[in-house]
Amino acid sequence: MSWETIVGHQSALERFQKSARRNRLASTYLFVGPSGIGKRTFALKLAQSLLCSSTPESALECCSHCPACQQVLSGSHPDLIQVAKPADKKFIPVETFIGDREHRRQRGMCHDIGLKPFYGGRKIAIIDDADDLNAESANSLLKTLEEPPPKSILILIGTSQQRQLQTIISRSQVVHFSPLTAEQVQEVLERHHLLDPETDPRPIAQAANGSVEQAIRLSNPELLEFVQLLYHQLASLDPTQEDFAKSLGTFVESAGKDAALKRRRLSEVGDFAIYFYRDLLHRSADSREVHENLEKHTAASLSQFRQTGFTDSVIQEAASACIRRTLSMQQEVHANAMQANVITNWLADLGRLSRAEIAFDFY
Ligand SMILES: [Zn+2]
């Protein structure tokens, strides 16, 4: 019953159920997939199922009532360690894993996971923001990955396999998580009452690229309307058409008088363009994806690219180049470059990259 609260990710669940039945769970997993689709929620449910004291581990279920389940839900289970990148840091500090200089290997996650489980079951660690492991932090983890304490399970969570260090990938079992369908996003929004009761969840779920996180950002009706227009333009492979640079300029201007507000708005539009291209990248790479489930704009974009004669791997290269170009646009915005020029050049370049008129490695 317990997994009913998780929306989507059926194939990942089946994989874990099979391993649990055969008593063949690995010691390190790397969860990868776009942000805001429920990877962390899945990891917590997995931990709860393994720590629940009233269901056997082989069933991979949890009762939600026993003290262990309650402690997982409240974040106080002594055998569940959770770490993430602090908001004010660029990377997960090495101290998080092996303690500060005075207490090297006597504190930190690697030390704690080696302690005897308080309940005699397992020790589980969830490392969020695995994209933000630098070489030093990753190296500090290697000893634990190579010689995992008995019955310990480590779950690293990142957004894509490409962003992980090879030293981590080679020591983990990689589990891929796909974006949710629009229906599934809507289900999560409704079930957890994440929107204002008067707000219609359907157009928001449709524009959210399979991510609940994006759906929540799109609950601002002004932004939703503009993002739908943006997707339409990006899917056409010529985002400069229909005087879109001007529409974008007007939208950015309407953020307020303050230049910082305008910069923030343009950067946010960039975020949504990145989401769009990431979704395209993910869905064109995922052959298991059922194409009827594609969101309208992603389907339109894939079909436009294919009509141009692009194979899936070329589409992925083009989408990656458009992401890099958008990241550089966001840097220009923060460096206070002339807004009108930034917009015009960015849109023109996205169009050229989408039509392979400039080399993908140019950006
Ligand atoms: Zn329980």
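Which domains does the domain assignment of the chain give?

**View 1. Domain assignment of the predicted model.** The assignment divides the chain into domain 1, residues 2–176, and domain 2, residues 220–362. Taken over C-alpha atoms, the centres of domain 1 and domain 2 lie 34 Å apart.

**View 2. Coordination of the zinc ion by C52, C63, C66 and C69.** Each of these residues is bound through its SG atom, at 2.3 to 2.4 Å from the zinc ion. Along the sequence the donor residues follow the spacing C-x10-C-x2-C-x2-C. The four donor atoms subtend angles of 104 to 116° around the zinc ion, so the arrangement is tetrahedral; the criterion requires that all angles lie between 85 and 135 degrees.

**View 3. Accessibility of the zinc donors C63 and C69.** C63 has a relative accessible area of 22% and is therefore partly exposed. C69 has a relative accessibility of 0% and counts as buried. The cut-off for a buried residue is under 20% relative accessible area.

**View 4. Crossing of helix 11 and helix 12.** Helix 11 spans residues 221–235 and helix 12 spans residues 244–253. Two packed helices are described by the angle between their axes and the distance between the axes. Here the axes of helix 11 and helix 12 come within 12 Å and cross at roughly 160°. Angles over 145 degrees count as roughly antiparallel, and helix 11 and helix 12 are therefore roughly antiparallel to each other. The crossing of helix 11 and helix 12 is left-handed.

Technical notes
Residues numbered from 1 in each chain as written. Predicted model: local features only at pLDDT ≥ 70, side-chain atom pairs only at ≥ 80, totals over all residues. Heavy atoms only, no water. Donors = N, O, S within 2.8 Å, 3.2 Å for Na, K, Ca; no water. Tetrahedral: all angles 85-135°; square planar, octahedral: opposite > 155°, others 65-115°. Buried < 20%, exposed > 50% of the residue type's maximum accessible area, 1.4 Å probe, protein only. Domains from an automatic or database assignment. Axes fitted to C-alpha atoms, helices over the stretch in contact; angles between N-to-C directions. Helix = DSSP H or I, 4+ residues; strand = E, 2+ residues; numbered from the N terminus. Parallel < 35°, antiparallel > 145°, perpendicular 65-115°, else oblique. Left-handed = near helix turned anticlockwise from the far one by under 90°.
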